[in-house]
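I opened my notebook to look for empty spaces in a protein model, and then for whatever surrounds its ligand. Here is the structure I was looking at.

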Amino acid sequence: MIESVGKGRTWVLSGPTSSYALHLTDDDDLLHLHWGPRISGADAEALAAQGPPPSWPFESQLDGREEYPVEGGPRFVRPALSVRTPEVRGTEWCFAEAAVYGDELRVRLADAVHGLDLTLHHRMRDDTDVIERWVTVTHTGDGPDLELLRADAAAWTLPRRDGWRLSQLHGRWAAESLLVRSELTYGEKVIGSRRGHTGHQHLPWVALDAEGATEERGEVYGCALGWSGSWRISVQQLPDGVVQITGGVGHDDSGLLRLAPGQSYTSPVFAGLWSDKGFGGASRAWHAWQLAHVVPDAAAERPVLYNSWEATGFDISEKQQRALARRAAAMGVELFVVDDAWFGQRTSDRAGLGDWTPNPERFPDGLGPLADEVHGLGMQFGIWVEPEMVNADSDLYRAHPDWVQHHPGRARIEFRNQLVLNLAREDVQEYLWGQLDGLLSSTPVDYVKWDFNRCFTDAGWPGEDYPQKLWVEHVHALYALLDRLRAAHPSVAFESCSGGGGRIDLGILSRTDQVWTSDNTDPLDRLAIQHGFTQLHPARVMAAWVTDSPNVQLNGRFSTLRFRFVSAMAGVLGVGGDLTEWTEEELAEARVWVELYKKIRPLVQHGELYRLRAPEGGLSAVQYVKGDESVVLAWLQAQHYGEQPPRLRLRGIDSAAAYEDLDTGALHRGSVLLHHGLHTGLKGDMDATVIRLRRH
Ligand code: GLA
């Protein structure tokens, strides 16, 4: 709901529990007024009437108060927008117009010298407290081209509080999404990616709390960016304690695009959320918004998947894949995915990327016969691709060595023996469209795992006037390709992978059905990764596989099948072990776990998630609640001194009701579960359990 008050110069956007307000002063300064609990139009007018703070030597009266601080004028904060022509840098705005389109407010400002229009978009849908913000910048003049050095999607302003704390999700390959909290001090904290993809190092999200929010209580502000290329989020605490958060495309201010007259740029969405229900309440609001408005076809349940990567690596054959498929089907798997090495001369990571036709020695009749067998076994059929990349040893590179990002005369740097295609080029876009559309049209493929296994290094584009634009245009081309493929092949689902979790963000999630959370499939490490991941994203998109023990990919750790399954069942369950090596007992046990997962899947994938205890050594647990049902997944890392692990105090259930344990028949009183907790019965080292409860 959007209310417009105060002669139409103050706007209040309200969701179920929160409001956001902005105000245009008589001098046409666009100020931020409020972000927090719901307020009325009259409250917003009262805030607007408070006027500016007293002027202070050496300080700007605009800093910390503006809705979208730009470069130029009496400002010293980090600007969200920076534009230049050869002669003039910075901007000077006049208010042009404001209009409400349903749940979206658009405020348009104009700079007469540049011939530049800036529209600030704010959207708050009725069913959510998430505010979506983005900007559009248009060259409306007939003067020289405008160089857009930076155009952040939004600047968020937080109220003054004592002791802000910053939460972020940091990581690296095989250790993505790790939650860390630290005190925010004066100055600036910058996170982002200079790598061309979202990166393993940070998820584009921050949360701020003051006054010690907990999992279930307290005020939490969060901001998340929907962009899958290089990006930056800056959190700055100004000298007077106000916190401002800017976020957008590109890490540095070294240039995004050049706009000719008539051209425009639309930023991605930088979403914000206020919650007074702690980190857990904030997560649940983020999850609900993504399932309702971001993730395509989110109401559909994701199938249990088998992926052959850890089992077979590059050494694959049709016969071996058929053998794995038969075992997977017998276990209850619903989607069989052939990973790397089915195409071109891809017998190792040194060759083949770019040549998206089945390897004739490995699949003499193409992928069709395997796909048919998989379908015959009652499963869907999926394949792995990495379209944005090429090996130097490939037919594609031999034919088009100029299609990769490179600087003339300089070395073409390889990571994992591969180079990055310049997707900003139309000929590259058309080639990939032809290859992928051809593949999906000629083979009955239901699922595409789309990988991206190296960062940009030599982002040059010889012959192009403004090569810098390839950073932005690569991502736009990727999005366009995915959109086009989805439209042409609506029954095909897509997974975003980038060496595990290197490309997870709201932008890619609006075009893919699930993401590969991490190449780290160790079930214990995964608990911390999943704990971080779910701060922002829902379990419905969080793929998790059960692989072999000892863990081959990473650390050689031994774990029981039970522990591995319960860990992976917290997200979209998959299996990735070498099933030809599993014993009959293991296969039979796995079948039981898969069956159990299918029973709890509606709750895991579409229920509300409560993180009951964080994975910090002892007992950790998550709970999913949907309607009258609830399921608890709990893991005990190590029991010490014979002490019984603590009981788990459940959440989201009715204190006046009784709950039946669906496996033991035991009855529990809601009030007891909420206040005193549930005994898990876990003991020893690396034990795990699933407890299903239904209102009696
Ligand atoms: C990446 C992915 C893996 C696997 C390999 C194949 O590392 O994260 O899951 O697909 O590529 O080369």
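My entries below go through the ligand, the pockets, the cavities and two backbone details.

**Ground rules.** I am working with a predicted model, in which local features need pLDDT of at least 70 and side-chain atom pairs count only at pLDDT 80 or more, while totals for chains, interfaces and linings use all residues. Residues are numbered from 1 along each chain as its sequence is written, and side-chain values use heavy atoms, with hydrogens and water left out.

**Ligand.** I started with the residues around the ligand, meaning those with a heavy atom within 4 Å of it. There are 13, and Asp-339, Asp-340, Arg-416, Lys-449 and Asp-519 come nearest. I sorted this shell into 4 nonpolar, 3 polar and 6 charged residues. For the classes, Ala, Val, Leu, Ile, Met, Phe, Trp, Tyr, Cys and Pro count as nonpolar, Asp, Glu, Lys and Arg as charged, and the others, Gly among them, as polar.

Next I looked up polar contacts (pairs of N or O atoms within 3.5 Å). Lys-449 has a side-chain N or O atom 2.8 Å from an oxygen atom of the ligand. For Arg-416, a polar side-chain atom lies 2.9 Å from a ligand oxygen. Gly-500 uses its backbone instead, with an N or O atom 2.9 Å from an oxygen of the ligand. How much of the ligand does the protein bury? The protein buries 96% of the 310 Å² that the ligand exposes when taken alone, with areas from the Shrake-Rupley method and a 1.4 Å probe.

**Two backbone details.** Arg-416 caught my eye again: its phi is positive, about 45 degrees, although it is not a glycine. Arg-416 sits in the loop between helix 6 (395–399) and strand 26 (418–420). Helices (H or I, at least four residues) and strands (E, at least two) are DSSP runs, numbered from the N terminus. I also noted a cis peptide bond between Ser-549 and Pro-550, with omega about 0 degrees. Pro-550 belongs to the loop between strand 30 (542–546) and helix 11 (561–568).

**Pockets.** On a 1 Å grid over the protein atoms alone, a pocket is an open set of points with protein on both sides within 12 Å along at least five of seven lines; a cavity is a set where a 1.4 Å probe fits but cannot get out; lining residues have an atom within 4 Å of a point. A volume is the space filled by probe spheres set on the points, which are joined across faces, edges and corners.

The largest pocket holds about 1100 Å³. I found 42 lining residues, with Pro-53, Gly-64, Arg-65, Arg-160 and Val-242 nearest its centre. Strand 4 gives the most to this lining, 7 residues.

The second largest pocket has about 460 Å³. Its centre is closest to Glu-215, Arg-611, Leu-612, Arg-613 and Ala-614, out of 22 lining residues. Helix 10 supplies the largest share of that lining, 4 residues.

**Cavities.** I counted 4 cavities of 30 Å³ or more. The largest has about 120 Å³. Which residues lie closest to its centre? Leu-527, Gln-530, His-531, Val-622 and Trp-635 do, among 15 that line it. By class, this lining has 9 nonpolar, 4 polar and 2 charged residues. Domain 2 (305–608) and domain 3 (613–695) each give at least three residues to it; the bounds come from an automatic or database domain assignment.

Note on methods
A polar contact is a pair of N or O atoms within 3.5 Å; within protein, one must be able to donate a hydrogen and the other to accept it, and residues adjacent in sequence count only if both atoms are side-chain atoms.
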